[in-house]
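The following note is addressed to a colleague who has not yet worked with this structure. It is arranged as numbered points, each of which may be checked against the display.

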Amino acid sequence: MKLLALILVIAFDRFLEFFERWRAERWPHRVILDVFDQLAGLVGATAARLLVWLVLPLALFAWLGFGGDGVIGWVVSVVVLLLVITPRNTSQINRDLLDGALKDDVETVDSAKRVLFVDTPVEPTEATTRQTGERIIVLAFSEWFLVLFWFVIAGPAGALLYRLTDWLCCHADPREESDDAVGEDSRLLRWQKRVHALFVWPAAPVFTVLMLLAGSFQRGLNAWRGDPDLGRVHGAQNDFEAGSIGLIARVGHAVIDVERADECLDENACLADQRTWYRAAHAIVLRALLFGLALVAVLTMVGWVP
């Protein structure tokens, strides 16, 4: 049942344009944060954060457990996945980036980069070709693969819990202007950031292996090393998470074995040349996801995944 849900969700993402337009509104993200802000004004930020973070996943787990067997469980799984995958609509953004580079449309490319580099210290207009290509891969990991990974491990409750953690750990507590603690994270928010890093940690090597299989295996294997500095460039929120994100970015760069791939990484090269790198990054992401589906199919056949 999980395999069928994954196939259907990926098909929706790839082939239904209206689904992309609907998702581009990012309303699940906005609704969750609005509910949190409203609850924080009523019961306090800590209680509101706990309620928004845990109530729905615990209810789903109590109802469906780790699997979600039966027609109802399958429908719920598909709906949950559709609500929490790729909230930035990165699939469409990546296509806009490729089309803009092909047509030498600087405005379209810059617009795509502004979306890709949200929540990172990188200035989008100054992002190098290498950083942009790595960002495509890192976002595929965080917006696609992590959701699917935790769905396979813990069912729809696991996928929802990961995404709620991702959204809430990036959203500060509402504070009064007179509050002396403005700018400081609450204790629960700091714990959420640690939990988010724990969600990332076991999935990162799995995605890395899939990229090795999908791209240049030996180059990627030689680059296998956690890189906290690179992870922080791509928006990691603590050192533990930075190592995992840095690993994805390093190996993602290495496995893209295309002619002249590194020639213009740090130069303002023509967009047509940059497109080679972006297209290769996009292709690696798609092939890694397909390898992941094949892995889930094998595990389903041997009975390890319901």
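1. A definition is required at the outset: a residue is called buried when its relative accessible area is under 20%, exposed when that value is over 50%, and partly exposed in between. Under this definition Asp119 counts as exposed, because its relative accessibility is 55%. The place of Asp119 is the loop between α7 and α8. Its backbone also deserves attention, since Asp119 is not a glycine and yet has a positive phi of about 70°.

2. The model under discussion is a predicted one. The mean pLDDT of the protein is 85, and 87% of its residues reach 70 or more. Over residues 176–182, the pLDDT is below 50. In the model, that stretch has three contacts beyond near neighbours in sequence. Any reading of residues 176–182 should keep the pLDDT below 50 in view.

3. As to overall architecture, the protein contains 13 helices and zero strands. Read from the N terminus, its elements accordingly run α-α-α-α-α-α-α-α-α-α-α-α-α. Of the 306 residues in the protein, 51% are buried. Among the contacts with a separation of 6 or more, 73% are accounted for by residues 24 or more positions apart.

4. A second residue may be read alongside Asp119. Asp104 has a positive phi of about 60°, although it is not a glycine. As general background, most residues other than glycine have a negative phi. Asp104 is located in the loop between α6 and α7, the latter helix covering residues 106–116. With a relative accessibility of 53%, Asp104 counts as exposed.

5. How do helix α8 and helix α9 pack against each other? Helix α8 spans residues 129–168 and helix α9 spans residues 187–214; the two pack at an angle of about 105°, and their axes are 9 Å apart. Angles of 65 to 115 degrees count as roughly perpendicular, and α8 is therefore roughly perpendicular to α9. By class, the residues of the contact of α8 with α9 comprise 21 nonpolar, three polar and one charged.

6. Helix α9 also meets helix α4, which covers residues 45–64. The axes of α4 and α9 come within 10 Å and cross at roughly 30°. Angles under 35 degrees count as roughly parallel, so α4 and α9 are placed in that class. On the α4 side the contact is made by Thr46, Arg49, Leu50 and Trp53, and on the α9 side by Leu188, Leu189, Gln192 and Val195. Five nonpolar, two polar and one charged residues make up this contact of α4 with α9.

7. Helix α9 contains a proline, Pro205. At 31% relative accessibility, Pro205 counts as partly exposed. The C-alpha atoms of Pro205 and Ser244 are 8.0 Å apart, while the two residues are 39 residues apart in sequence.

8. Why does Cys169 form no disulfide? The nearest cysteine sulfur to that of Cys169 belongs to Cys170 and is 4.0 Å away. A disulfide requires a pair of cysteine sulfur atoms within 2.5 Å, so the distance of 4.0 Å between the sulfurs of Cys170 and Cys169 is too far for a bond. The count for the protein comes to zero disulfides. The two cysteines may also be compared by accessibility: Cys169 is buried, with a relative accessible area of 1%, whereas Cys170 is partly exposed at 47%.

9. Is Asn94 buried or exposed? Asn94 counts as buried, at 8% relative accessibility. This residue lies in helix α6, which runs over residues 90–102. Leaving aside residues up to four places away in sequence, Asn94 touches Leu116, Ile136 and His282.

10. The final point concerns Trp27, which lies in helix α3, residues 27–43. Trp27 counts as partly exposed, with a relative accessibility of 33%. The C-alpha atoms of Trp27 and Leu83 are separated by 9.0 Å, and these residues are 56 residues apart along the chain.

Terms used. Residues are numbered from 1 along each chain as its sequence is written. This is a predicted model: local features need pLDDT of at least 70, side-chain atom pairs count only at pLDDT 80 or more; totals for chains, interfaces and linings use all residues. Side-chain values use heavy atoms; hydrogens and water are left out. pLDDT is the predictor's confidence in each residue, from 0 to 100. Contact means heavy atoms within 4.5 Å. Buried means under 20% relative accessible area, exposed over 50%, partly exposed in between (1.4 Å probe, protein chains only). Axes are lines fitted to C-alpha atoms, for helices over the stretch in contact, and angles run from 0 to 180 degrees between N-to-C directions. Helices (H or I, at least four residues) and strands (E, at least two) are DSSP runs, numbered from the N terminus. Angles under 35 degrees count as roughly parallel, over 145 as roughly antiparallel, 65 to 115 as roughly perpendicular and the rest as oblique. Ala, Val, Leu, Ile, Met, Phe, Trp, Tyr, Cys and Pro count as nonpolar, Asp, Glu, Lys and Arg as charged, and the others, Gly among them, as polar.
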